[in-house]
Amino acid sequence: MQKGIAILGSTGSIGTQALQVIAAHHEEFSVEVLTANNNADLLIKQSIEFQPDVVVIGNESKYKYVTEALKNYPVKVFAGGDAINQVVEMEPVDMVLTAMVGYSGLKPTIRAINAGKDVALANKETLVVAGELIIKMVQEKKVQILPVDSEHSAIFQCLVGEAGNKIEKIYLTASGGPFRNYSIEELKNAGFRDALNHPNWDMGEKISIDSASMMNKGLEAIEARWLFGVDPGQIEIVIHPQSVIHSLVQFCDGSLKAQMGVPDMKLPILYALGYPKRVESDFPRFSFTDYPNLTFEQVDTKKFRNLALSFEALHRGGNIPCALNAANEAVVQAFLYKKVKFMEMPDIIEKVINTISFIEKPGIEDLEQTNYESHRLAESHIHLNRN
Ligand code: MG
């Protein structure tokens, strides 16, 4: 029997790779729902190829265009954010892949969990913002949450068969991004073209900036805390430029387990979609001669201050990770529009997480409020920086 998949954010980098995975495994998976925020042309193309039951275009002004293009196909078309939140509940959907960017992933993820759907989580902001709430819901509804992020997929795979065994430490590996060898002076003048190592002006851009600033790793640390139920002090970052070891778990006996493979997102996507089964694939295999040396380095948190700020947010808990995430979304946007410099981003994030009022046990409304206010605070600092 095929597993019915809904892909939220099907036109972005993870979404398009997920569709490649599904195209190569039609006997295992069927596409039931596709949603995109803005890229109507690609959504139409994908809809014709995969013939999902339903598609949603987030940008309502493009509804007519998409409907017209799909009028001869058996595909229902909806538009708007509310529709995205609703379609995850549909009957034929067994699993929801959340591959949209940023805070917007939160609501549909909650709806999917409440509807009893398994979630393949590619939107790390969801757990950063509301990890405690989400994990509680997952346990209550007895659904599975399968990480798609390569590091978390690695840890998840290391933990299969280890139920009840004590984790001592989680090591998240980091490539170090394009600025690993930059000096602080060089970082001050780094522009977004240096940070975006591919010319794709689409969904990949936020995560590219986040990896250049290492905020991506900070968000991943927060994500790991909730996914694997470890304390903040049990999570460590290690730079591993080859990205072959995707992450490691150290157990209470001192033994380390690592998961390895070619750096290709299609692998963790296939694992998440297929879980608990390992699905056969002919994706490229690892070659030892291509990687004669695997190396490791410590992170310089003076250079990559976002990492220190993320750990601070992780330790403080409550609504602070939500504030960190919101401030980061605002500064990344501003950096892309050349309104702030690379090294000003952590300054602004720090101001925001130190100004926002602390809420120890935030509910969804508190998080909405924190998200809104942190964005606003960040915007005002961005504005001040320009004048
Ligand atoms: Mg990752």
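The largest cavity in this predicted model has a volume of about 60 Å³. A cavity here is a set of points, on a 1 Å grid over the protein atoms alone, where a 1.4 Å probe fits but cannot get out. The volume is the space filled by probe spheres set on the points, with grid points joined across faces, edges and corners. Why roll a probe at all? Rolling a probe the size of a water molecule over the atoms shows where empty space is left.

Before going further, a word on the ground rules. Residues are numbered from 1 along each chain as its sequence is written, and side-chain values use heavy atoms, with hydrogens and water left out. Since the model is predicted, local features need pLDDT of at least 70 and side-chain atom pairs count only at pLDDT 80 or more, while totals for chains, interfaces and linings use all residues.

Back to that cavity. Its lining residues (those with an atom within 4 Å of a point) are Ser150, Ser153, Gln157, His246, Gln259, Met260, Gly261, Leu267 and Pro268. Which elements supply at least two residues each of this lining? They are helix 7 (150-159), strand 11 (256-260) and helix 12 (266-274). Helices (H or I, at least four residues) and strands (E, at least two) are DSSP runs, numbered from the N terminus. Helix 7 gives the largest share of the lining, three residues. Sorted by class, the lining of the largest cavity has three nonpolar, six polar and no charged residues. For this sorting, Ala, Val, Leu, Ile, Met, Phe, Trp, Tyr, Cys and Pro count as nonpolar, Asp, Glu, Lys and Arg as charged, and the others, Gly among them, as polar.

Helix 12 deserves a second look. It is mostly covered, with eight of its nine residues buried, meaning under 20% relative accessible area (exposed is over 50%, partly exposed in between, with a 1.4 Å probe and protein chains only). Among the buried residues of helix 12 are Pro268, Ile269, Leu270 and Tyr271.

The structure holds two cavities of 30 Å³ or more. About 50 Å³ of space lies in the second largest one. Around it you'll find Ser213, Lys303, Phe304, Arg305, Asn306, Phe342, Met343 and Pro346. The classes in this second lining are four nonpolar, two polar and two charged residues.

Now for the metal. Which residues coordinate the magnesium ion? Asp149 (OD), Glu151 (OE) and Glu220 (OE) do, at 2.1 to 2.3 Å. Donors are N, O and S atoms within 2.8 Å of the metal (3.2 Å for Na, K and Ca), and water is not among the atoms, so sites may look incomplete. Along the sequence, the donor residues are spaced D-x1-E-x68-E. Asp149 counts as buried because its relative accessibility is 12%, and Glu151 is buried too, with a relative accessible area of 9%.

Next come the sheets. One is an open sheet of seven strands in the order 4-3-2-1-5-6-7, with parallel pairing; two strands pair if DSSP finds at least two bridges between them. Strand 4 (76-79) and strand 7 (145-147) stand at the edges with a single partner strand each, so one side of each has no neighbour in the sheet. Neighbouring strands of this sheet are turned by 20 degrees against each other on average, direction ignored. The axes behind such angles are lines fitted to C-alpha atoms (for helices, over the stretch in contact), and angles run from 0 to 180 degrees between N-to-C directions. Inside the sheet, strand 5 (residues 95-98) and strand 6 (residues 118-121) pair in the parallel sense over four bridges, and Thr98 has Leu121 in strand 6 as its bridge partner.

The other sheet is open as well, with four strands in the order 9-8-10-11 and mixed pairing. Strand 9 (235-239) and strand 11 are at its edges, each with a single partner strand, so each has one side without a neighbour in the sheet. The twist from one strand to the next averages 20 degrees.

Strand 8 shows how the pairing is mixed. It runs parallel to strand 9, joined by five bridges, with Tyr171 opposite Glu236. Strand 8 (residues 167-174) also meets strand 10 (residues 245-251), antiparallel this time, through four bridges. There Ile167 stands opposite Phe251, and Ile170 has Val249 as its bridge partner. Six of the eight residues of strand 8 are buried, so the rest of the structure largely encloses it.

Technical notes
On a 1 Å grid over the protein atoms alone, a cavity is a set of points where a 1.4 Å probe fits but cannot get out, and a pocket is an open set with protein on both sides within 12 Å along at least five of seven lines; lining residues have an atom within 4 Å of a point.
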